[in-house]
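Work through the exercises below with the sequence and the 3D structure in view. Try each task before reading its solution.

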Amino acid sequence: MVGNKLLACLLTTLFALSPVSDRTLVAAESEQPAITAAPVAEIPAPETSTPSVGPSPTAEPTATLPPTATPSPEPAVLAEDITLECALNGYTGARQLLHLKDNVYKTYWESTKRNGVHSLRVTAPEGKTASGILIRWKSWPLAVSVQVPSGDDWVTVAACDADFVAQYIAIPDAADFRIISRDDEGQTKLEISEITVLTPGELPDDIQVWRKAEDKVDMLLIAGHPDDELLWFGGLLPTYAGEQGRDVLVACGAHNSYYRRLELCDGLWACGVNIYPEFLSYFDLASGSAQAVYKEWGGQSRVQGDIVRLYRQYRPDVVVLHADNGETGHGAHKALSLTGRDAIASAASAEEFPETAELYGTWLVPKVYLHLWEENQITMDWHVPLARFGGLDSMEVAAIAFEKHVSQHTKSYYSIHDGGDTDCSLFGLFHTTVGVDVEKQDMFEHITPRGE
């Protein structure tokens, strides 16, 4: 029996260490008497292992993972921002070209014709290539082509429509390329505030890749100016767009400077909003009178028609408006709040503003909230930790987003706060087709989620 034990140990060791085939080993075992000894502790076989039934004369023994183990994913390679290393139009230090990469929106670069076209040529540093660019326009968005040199000519490898003031364009890896206007092949001047050039890899979180609103959004927030979406509505965007992943569209009424458009995009992106905002592009008039604002904006009917179009085109379940008194008495806030309310019935009637009714149909918004409205009030808790933002609450995220509105930081009286006369957590349900709020913790109470 001792001999049998020694033989068992020897065979087990040979099985683990020798590259002999399974068939050879089985044959050797079959010539010996049955072995009833316990398995050798020093070299246990996995409990779930199954012996091979076929020959593998060239196979080498390999380590296998336990059935419950999965390989660790390879860490994603993050795209690198190489803008400061790139030559622009052949230069790395030209003062005006440096405006393209100084992270200051109030500075910008304008093209002049070179070889008969308006273009911006980008040359990556030696040994690196670009696979994407983010253009922040000083002008309104422009449809452009990205071209690479091919002999004495240029070949288009990517293009975009005139969609976004912060426009990301993915391109095939290129060390040398140029940007020109697409529709007239470089005859339109380029006016760019900033450009970001990125190597291949996963995009950093702060690179904006916007999408257009579809024909249905969950929420529409109508704000008077860039930054009002944070000052008066607090954690609304981080909560509903960022944490809950709802489709939230922000419509911005008035702004007088291109850089405020860019700041709005930065602030929205920081809140988790990825639907590109609607710019109504009214002139910002410093007045406390809604009627004076309407006059500057082309009349109350024009403004109401614009809001009706938003309701019909995007069919929001929830609309959020400024306070009736405009929070601080601002005429633009008052005007948008009033027309936002008047537009509820108008958007539901095919007889009013028939042009947009024909294009989009009619729509009766299920729920409309006003900031500080005294009826059917709901107080939102903007201090719940948000997983999307690493445990920050929505007020903290809103404060970070407000920092993106750099041009407004010279006015020390601007701050985001709940409580007080302009409490950004206090809203009232002005209109509903689905019943009043009972639990008063969610603006989507009684709203059936899409797809259900």
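Angles under 35 degrees count as roughly parallel, over 145 as roughly antiparallel, 65 to 115 as roughly perpendicular and the rest as oblique. The model is a predicted one, in which local features need pLDDT of at least 70 and side-chain atom pairs count only at pLDDT 80 or more, while totals for chains, interfaces and linings use all residues. Residues are numbered from 1 along each chain as its sequence is written, and side-chain values use heavy atoms, with hydrogens and water left out.

**Exercise 1.** Describe how helices α8 and α10 are placed relative to each other.

Step 1. Locate the elements: α8 covers residues 300-314 and α10 covers residues 331-347. Helices (H or I, at least four residues) and strands (E, at least two) are DSSP runs, numbered from the N terminus.

Step 2. Take the axes, which are lines fitted to C-alpha atoms, for helices over the stretch in contact, with angles from 0 to 180 degrees between N-to-C directions. The axes of α8 and α10 come within 8 Å and cross at roughly 60°.

Step 3. Classify the angle: α8 and α10 are therefore oblique to each other.

Step 4. List the residues in contact (heavy atoms within 4.5 Å). On α8 they include Val-303, Ile-307 and Tyr-311, and on α10 they include Leu-336, Ala-343 and Ile-344.

**Exercise 2.** Find the order of the strands in the open sheet that contains β5, and name its edges.

Step 1. Two strands pair if DSSP finds at least two bridges between them. Four strands form the sheet, in the order β2-β10-β5-β8, with antiparallel pairing.

Step 2. Look for strands that pair on one side only: these are β2 (109-110) and β8 (166-174), the edge strands.

Step 3. Check the neighbours of β5 (residues 130-137). Six bridges join β5 to β8, and six bridges also pair β5 with β10.

Step 4. Match individual residues. Ile-133 has Ile-169 of β8 as its bridge partner, Ile-135 stands opposite Gln-167 in β8, and Gly-132 is bridged to Leu-198 in β10.

**Exercise 3.** Is β5 mostly covered or uncovered, and which helix lies across it?

Step 1. Apply the accessibility limits: buried means under 20% relative accessible area, exposed over 50%, partly exposed in between (1.4 Å probe, protein chains only). Eight of the eight residues of β5 are buried, and the strand is mostly covered.

Step 2. Identify the helix: α6 (residues 258-270) lies across β5 and β10 (191-198), and runs at about 130° to β5.
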